[in-house]
Amino acid sequence: MFYFGIDWSEEHHNLCIQNQAGAIISELELRHTLEGFEQIDLERRKLDVPARQCLVAIETSYNLLVDYLLDRDYTLYLIPPQATDNYRSRRRSSGARTDESDAAVLAKALRIDLDYHQRLRPNSALTQQILAQVRLIEILRRSIQRQSNQLRAVLVRTYPQALGLFGKLTSQVSLHFLMTYPTAQEALTLDKGSFEAFCRSHRYCRAGLISRRYAQLMAPAPEANPSAVQAYRDQVRILAELLLSQVKCRIQAQSQLRQLFPQHPDAFIFESLPGTGDLLAPGLLAKFGDHRDRFPKAGSVQALAGTCPVTRESGKRKIVSFRRGCDRDFRRIAQQFARASLSQSGWAFAYWRDVRPHCGSDSDAYRRLANRWLAIVWKMWQDRKAYDETYHLKQRAQRRRPRS
């Protein structure tokens, strides 16, 4: 058995190969090219061992090099950067480091603590597609939020009549209106018939609401300085165009996700959870993944999602602190699910109501509820069973029943 430590970067990678005794067999720098990747195979062939007997330690799973190694049957282990820092401090108390020394640290970490590290096993193509769509939707959500805040700030300054004219600022009809009439002066030239024609051309067809919207547009409002209006006119139009394209992309991504999610064999588990809806159910499924042996106990999922705290004990001293080292997207999804479950799960609402007075914020209470939920979801996932609130309440009652 040989241990390969790879310190990666965008342009080059450093490789260190150690044998079972800890002796360094080879050290070299690889370019981030196919020729560079093939040097790993060349070094392996010099050792005259198959790829499956080469254990590779690396700090990322999001890299072309990882895909190359997995395709060639290497056994990969993902070492978190925080763990690498701890191993590095054991080797050099000064904190000095180089790319070569980091590769050696990774190889040694795998050699001495193999059982403590998790083998990297990619999910199925379908699960990877679901995760990619979930991430894309979140990226678009954040971008839409940021740019809508920028647009709102400009409208408050120069065009307050447009705020709330069609409900949400990010609705398609609202953005089309701002693209067509980017200033109050242009909008005020509309007669009622022209306004109705615009609304109907964008599928806004409720007559009563159209009349109300037109009255709102024509109501007296403070007028901005003409020079400021002219200065921001193009910005309103461009921001509306950018937002409209992103809103459409998000709708398309959500439609694709709705088509992908039911195809997964575990979809029934996550869609049975109260409050998950079209986005949280696929998000939870993608974060749990396909390999059940990846999480041998519920605490493994809770730690990855960052919902359980970190406890440090020494003598009489005990410190419980917030877990910062985690998958933050997983924590966001878990907490959003916990919040959504309050309106559809009686026990979840009762738990949140009881724990909230003891928490410093709503977020802390949602995190604690998410921690409870993840333990339940983990058990459902392991047993391949859908959620049943009645069954769960019976189990809770049995656990609370005093022993005779």
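**Close-up 1. A salt bridge inside helix α1 pairs aspartate 41 with arginine 44.** In this predicted model, the two side chains come together at 3.6 Å, N to O. Both residues sit in α1, three places apart, which is about one turn of the helix. Are these two partners buried or exposed? Aspartate 41 is buried, with 9% relative accessible area, and arginine 44 is buried too, at 15%. Both values fall under the 20% cut-off, so both residues get that label.

**Close-up 2. Helix α16 has a salt bridge of its own, between arginine 367 and aspartate 364.** Here the N to O distance is 2.7 Å. The pair is about one helical turn apart because the two residues are three positions from each other in α16. Arginine 367 is buried at 12% relative accessibility, and aspartate 364 is also buried, at 18%. Elsewhere, salt bridges with shared partners link Glu138, Arg141, Arg142, Asp329 and Arg332 into one network. The salt-bridge count for the model comes to 20.

**Close-up 3. Arginine 353 and aspartate 354 form a salt bridge with both partners partly exposed.** The side chains meet at 3.9 Å, N to O. Arginine 353 has a relative accessibility of 48%, while aspartate 354 comes in at 49%. Exposed starts over 50%, so both residues stay in the partly exposed class.

**Close-up 4. Four acidic residues make a negative surface patch.** Which residues are they? The members are Glu27, Glu29, Asp99 and Glu100. Strand β3 (24-31) and helix α4 (99-112) each bring at least two residues to the patch. Aspartate 99 belongs to helix α4. With 31% relative accessible area, aspartate 99 is partly exposed. Patch members need over 30%, so aspartate 99 meets that cut-off.

**Close-up 5. Lysine 108 also sits in helix α4.** Its relative accessibility is 38%, so lysine 108 counts as partly exposed. How many residues lie between lysine 108 and phenylalanine 349 in sequence, and what is their separation in space? They are 241 residues apart along the chain and 48 Å apart from C-alpha to C-alpha.

**Close-up 6. Glutamine 161 is buried in a loop between two helices.** The loop in question runs between α5 (125-158) and α6 (172-180). Glutamine 161 has just 12% relative accessibility, under the 20% limit, so it counts as buried. What does this residue touch, leaving aside residues up to four places away in sequence? Its contacts are Ala184, Gln216, Leu217 and Ala221.

**Close-up 7. Two loop residues, aspartate 48 and arginine 384, have a positive phi.** Most residues other than glycine have a negative phi, so positive values are worth a look. Aspartate 48 has a phi of about 60° even though it isn't a glycine. This residue is in the loop between α1 (34-47) and β4 (54-58). Is aspartate 48 buried or exposed? Aspartate 48 is exposed, with a relative accessible area of 68%. Arginine 384, another non-glycine residue, has a phi near 55°. The loop holding arginine 384 lies between α16 (362-383) and α17 (389-400).

Note on methods
Residues numbered from 1 in each chain as written. Predicted model: local features only at pLDDT ≥ 70, side-chain atom pairs only at ≥ 80, totals over all residues. Heavy atoms only, no water. Helix = DSSP H or I, 4+ residues; strand = E, 2+ residues; numbered from the N terminus. Buried < 20%, exposed > 50% of the residue type's maximum accessible area, 1.4 Å probe, protein only. Contact = heavy atoms within 4.5 Å. Patch = residues over 30% accessible without salt bridge, like charges linked within 9 Å, V, L, I, M, F, W, Y side chains within 5 Å. Areas by Shrake-Rupley, 256 points an atom, 1.4 Å probe, with all protein chains shown as cover. Lys, Arg positive; Asp, Glu negative; His and termini not counted. Charge placed at Lys NZ, Arg CZ, Asp CG, Glu CD.
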